[in-house]
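Colleague: I'm new to this one and I keep tripping over the labels. Could you walk me through why things are called what they are?

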Amino acid sequence: DVEKAFRSYCDLAKKNHTHAMHRLGCYWDFDAEKINPEEAVRWYRRAAKGGHISASYNLSVAYNFGLGVAKNPKEAFKWCSRSANLGHRSGQHNLACAYERGRGVASPDEEKAVEWYLRAANQGHPKSKYNLGICYLHGTGVASDEEKGLEWLMEAAASGHVPAHYQIGQFHLNHKSGQEARKEAIKWLWWAQDKGCPDAAARLMSLPRKEVDAFFNEKQQMVGAALSRDFDDLFMLHPDVLKSFANIYRNRGLLVVQKERNRRRRVLRTGNSTHSSSSSSGCCETS
């Protein structure tokens with residue numbers, strides 16, 4: 001009950017409860033029937049002055065974008081810095097961006113940017129992992145180190161950051177040699193374009209058609225082999241790879257996979273299987 005929670009937070013805020021103040025800010029920012037950015041900023045400020053980490057971050061965002069208050073890069077930097085020093089990982093990332101671009105500070109400081117990207121990356125921030133990888137590759141604010149750069153890009157890709165997939169593909173094309181490196185590049189570029197990266201799609205189109213087709217044909221053969229042996233082989237693949245393969249097969253692949261999932265659901269409900277005994281391995285689809 002949003003309204004009941006609102007009344008409770010109002011009562012707590014009167015007792016200078018910083019978390020309640022922050023929640024009131026969030027209420028006026030997101031949950032109210034008629035949002036009120038100015039009122040949100042008022043409550044964020046009260047909570048931030050009381051040392052609330054998320055309120056400090058939200059206040060910095062308000063100043064950065066002019067939400068409920070006039071844009072003020074210096075105030076944005078001040079409150080972002082406070083949230084970062086309190087350990088807010090998005091605050092640390094934004095502070096790194098501010099240092100790198102010179103927002104709210106006298107001049108850009110790339111070394112400081114790398115320092116804060118590293119702090120945020122160590123807390124699992126995907127964009128900081130990506131930016132840190134780019135800094136190492138280009139020697140921005142830190143000594144150039146291709147190995148470390150690739151490591152951080154891989155970390156970002158594992159966190160689901162799509163541009164990292166593209167940059168890893170580019171790295172293998174630009175910094176590695178040999179057929180295996182090009183196959184690895186095509187793999188990463190394919191995953192990136194499959195997730196909607198237009199640069200990756202354009203890069204794939206610029207490569208020799210024979211190389212790209214060879215990659216697709218190899219993956220089609222893998223799916224075909226899995227389908228002919230047992231669906232368990234197919235379902236053990238990474239979800240992103242499975243989606244890519246389904247896209248290769250277009251409607252046929254998607255329908256076949258969905259048909260098998262529906263069959264397994266029926267087996268779970270009835271306890272009867274009309275499929276071959278090779279699929280009764282105890283691995284059940286429940287979602």
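Modeller: Sure, let's start with K78, which has a relative accessible area of 38%. Buried means under 20%, exposed means over 50%, and partly exposed is what falls in between (1.4 Å probe, protein chains only). So K78 counts as partly exposed.

Colleague: Before we go on, what kind of model is this?

Modeller: It's a predicted model, where local features need pLDDT of at least 70, side-chain atom pairs count only at pLDDT 80 or more, and totals for chains, interfaces and linings use all residues. Residues are numbered from 1 along each chain as its sequence is written, and side-chain values use heavy atoms, leaving out hydrogens and water.

Colleague: What makes E75 and K78 a salt bridge?

Modeller: The closest N and O atoms of the pair are 4.0 Å apart. A salt bridge needs a side-chain nitrogen of Lys or Arg within 4 Å of a carboxyl oxygen of Asp or Glu, so this pair qualifies. The two residues sit three apart in helix α5 (residues 73-85), so about one helical turn separates them. E75 has 23% relative accessibility, so E75 is partly exposed.

Colleague: How many salt bridges are there, and which others can you show me?

Modeller: The structure holds eight. Among them is R42 with E39, at 2.7 Å between the closest N and O atoms. They are three residues apart in helix α3 (residues 37-49), and R42 is partly exposed at 40%. Another joins E180 and K183, at 3.9 Å from N to O.

Colleague: Why is E180 called exposed while K183 is partly exposed?

Modeller: E180 has a relative accessible area of 58%, so it clears the upper limit. K183 has 35%, so K183 stays between the limits.

Colleague: What makes S128 buried?

Modeller: Its relative accessibility is 0%, so S128 is under the lower limit. S128 belongs to helix α8 (residues 126-138). Leaving aside neighbours within four places in sequence, S128 is in contact (heavy atoms within 4.5 Å) with H93, Y117, A120 and A121.

Colleague: How do you know that C197 is buried when it's in a loop?

Modeller: The label rests on accessible area: C197 has 13%, so C197 counts as buried. The loop in question runs between α11 (179-194) and α12 (198-206). Beyond the neighbours within four places, C197 touches V162, Y166 and A192. The C-alpha atoms of C197 and Y166 are 7.6 Å apart, though 31 residues separate them along the chain.

Colleague: What does the chain have in the way of helices and strands?

Modeller: There are 15 helices and zero strands. Both are DSSP runs numbered from the N terminus, helices (H or I) of at least four residues and strands (E) of at least two. Of the 287 residues, 39% count as buried.

Colleague: And which residues touch the most other members of the largest nonpolar core?

Modeller: Of its 25 residues, those are L189, L204 and L207. The term means buried Ala, Val, Leu, Ile, Met, Phe, Trp, Tyr and Cys residues joined through side-chain atoms within 4.5 Å. Helix α11 gives the most to this core, with seven residues. Outside its close sequence neighbours (within four places), L189 has contacts including Y166, L173, L204 and L207. A second, separate core of 20 residues includes M21, A32, A62 and A76.
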